[in-house]
Amino acid sequence: MDPKLINDCVHCGFCLPTCPTYVLWGEEMDSPRGRIHLMKQHVEGTPVTPEMAGHFDACLGCMACVTACPSGVRYDRLIEQTRAEVERTHVRDPRDRAVRGLVFGLFPYPRRLRLLRPGLGIARRLAPFLARAHPGLGAMAGLAPEVARRQRLPRLVRARGPRRAVVGMLTGCVQGEFFPQVNAATARVLALEGCDVIVPAGQGCCGALSVHSGRRDQARRLARRTVRAFRKAGVETVVVNAAGCGSTMKEYGDLLGEEPGFRVVDLSEWLAELGPAAERHPLPVTVAYHDACHLAHAQGVRAQPRELLRGIPGLELREVPDSAVCCGSAGTYNIFEPEAARDLGDRKAKAVGSTGAELLVSANPGCTMQIAAAMRREGAAIRVAHTAEVLDASLRGVGL
Amino acid sequence: MLDELTAALAGILPADSVITDPVRLRTYECDGLTYHRATPGVVVLPETAEQVAAVVRLCREAGVPFVARGSGTGLSGGALPREDGVLIVTSKMRRILEIDLPDRRAVVEPGVTNLAITEAVRDQGYYYAPDPSSQQICSIGGNVAENSGGAHCLKYGFTVNHVEACEIVTPDGDLVTLDRMDPGYDLLGAFVGSEGTLGIATKITVRLSRAPEAVTTVLAAFESIERGGEAVSAIIGAGIVPAAIEMMDALAIEAAEAAVACDYPRGAGAVLIVELDGPAQEVERQFAQLREICSGAFELRVAAGAEERAAIWKGRKSAFAAVGRISPAYIVQDGVVPRTALPRVLAEIDRLSAEHGIRVANVFHAGDGNLHPLVLFDDAEPGAGERAETVSGAILDLCIAHGGSITGEHGVGVDKAKHMPRMFSPDDLDTMQLVRCAFDPAGLSNPGKVFPTPRLCGEVPGVRKGAHPLVESGKAEQF
């Protein structure tokens, strides 16, 4: 942990109201300011105690505090360094270790995820029983989505009409295996807007899950492979439709010690920059747009997705109250910290419900799964979609 | 003694509301002023007024001092814990209990943030007027303790003008309500701003204000701070009472630019933020006057809507923390001078700064002469901290010399207790102690704050044995 980064904190407390765990519990050690204080204690010689590790684990890594901080504290860097330190020095309970091992041995590997697909329905039904073995297992099973039919994307999707750009596309691990329809929609929207879309084979997982959990070695290994795949494809721009992946890939220079040699953009960022060319067909639907933390806070992308959605005739966009507060999904958080994640999910479900919208749109698969599960618990099930799917429906003139 | 008390506390509070783990305790060692630190003996996080009262009663019985803390954003160390005491944190008491729009009041728990009140009633066209820069996080309980101000207090007054009633836990552990409407002594007036020395507020009835019909926010850029200062005097001289007049100098602007890219006019020696509000016609007329008064400004920007207004304010409200971008360490000072003395005092601050080789950024509520000099230094440089302290103290002397005060809104706390004798005679301080002793004869409620040295009953923790010296000598009566 870099003491210089720690000393940037002037203890003003402006981060507190944006921190999901402070919102839940109101305790200093579960706020960014308190966690930075804990980091400082550690740097000054206090060993990582189980209590200390618990407060770091309880951080969602949503980066809302980074947005709120007037002093420019790089809490994102700090918590990543801290998680790595916790992984290195802190010995976890054996059952927790087993669940962590399972998650990090599974999620970053699309092929392993693929094997799970047929069992997802059963897993959902088994969730209460699995929860008895370990709350994390139960939470993981409870989140299992209804998966769409597998759709293989070709290596190259040609632009419709005049070609305006050539881009690479990240297919991701969870996105690709559990939400193949989102990737298909992304490729179609890009093509309809005049982009040649290159989908290189062997890109694998970008390393986001690992980097956010302090497993930097695994992250580097995965990131190198992803970089190699896109370099080989020779693209200058890589479009990403999952917020967590995009924010990690934008920081590759920091992770790998060298710039990847291509620009990483979020889908909405890219489309807004490109400007609309294809015709938008009307979609008469009310939409609540959810800011994924890794898009809004980590990448600062807030206006573009809203702009794209508002550009669809007939679509009514509604703002979710307290939109800056995380939904509790946060990568693997809802698996490792199921209770806090559930409470945050419930808060978010209420906020989304208060908009009265028919459709919930977000740019991150984790958020979508989390909020949809929370809304089901509330008995207020809501349809969910990725920004790409909404645009795809409008561009093609089909229903959602 | 503390161990026994901790066991007793655990008996009356939920297990996770009593913190004894040393690592956790240390995160409470300071508030917004990090210069003073003390790890609390034990931290409790009560959720109800009854729990606060029960905690205070246990402390009184054990003769252990206690300190209340809200969000921990105070800038005078008012919530600095006691190593031998209990820190009572109100951050779990954050329910808005009642909103009564016809009577324009809201009843809230002390941990509710200042901004949360406004957010709860904004859609209905109301707001809570006092607006400290930390309003999104500072708690209303802390605002009451410090009698907090804010940019808009020039026109609308401080916290004390917006609190109708307080339910408090007295240092004896009794729950009593102080109401503005009570006949007799204005005990509520005495309580607001007492910095935690007279008890702990557990329920606060605040006044809600009607949002003004029109608001015009103007950003005026001047070549020099003197020009800006002249404009301030001219505005007030013309009989205009704007909702706010704020000034920032070049260094403060630089910091704010670095932090939030507020995009203030380039090359400004000072900017003034003037906000006019009220009935549309009045605002319009005042704006015309203001335009004329500010003719010396090289740029005059008028916010077109709520978004542009927020952008202008963002630079000002983030200024304190933003200074972290241009300096490794700094002291936030808070002093008051008569408005007319502003140009002279600023010139002297400039001289002090040059003399000691210490940069000073100035951000202030110009309308009421409330200065917030930010004294910048590098804590890695030997001796720099001491020089900064010297400059910071000298600025307060300047304020006193010009007929001002050592604090405008941040409170005395632990930080300025030593300056109190420069403003007040021993007799003055003794008289204040009498008030304090009327509420807290044992001196357990936030001891060590406000008053410079242990005098009379005040500052020695432990139950007072025997009568107060002033009572004994027949000079005072205890009630």
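This is a chat about a predicted model and some features of its chains A and B.

Q: What should I know about the numbering and the cut-offs?
A: Residues count from 1 along each chain as its sequence is written, with chains lettered from A and ligands numbered from 1 in the order in which they are written. The model is predicted, so local features need pLDDT of at least 70 and side-chain atom pairs count only at pLDDT 80 or more, while totals for chains, interfaces and linings use all residues.

Q: How many residues does each chain put into the contact?
A: Chain A gives 24 residues and chain B gives 30 residues, where contact means C-beta atoms, placed from the backbone, within 7 Å.

Q: Which helix supplies the largest share on the chain A side?
A: That is α3(A), with four residues; helices here are DSSP runs of H or I, at least four residues, and strands are runs of E, at least two, numbered from the N terminus.

Q: New topic: which residues of α21(A) are buried?
A: They are A:P338, A:A340, A:A341, A:L344, A:G345, A:K348, A:A349 and A:V352. Buried means 20 or more other C-beta atoms within 10 Å of the residue's own, with C-beta atoms placed from the backbone.

Q: What do they pack against?
A: Their partners in chain A include α2 (20-25), β6 (285-289) and α22 (365-378).

Q: And what comes just after that helix?
A: A:G356, with a positive phi of about 70°.

Q: Over in chain B, what does B:L272 touch?
A: Leaving aside neighbours within four places in sequence, its contacts include B:A220, B:F222 and B:A366.

Definitions and conventions
Contact = placed C-beta atoms within 7 Å. Buried ≥ 20, exposed ≤ 12 C-beta atoms within 10 Å, placed from the backbone.
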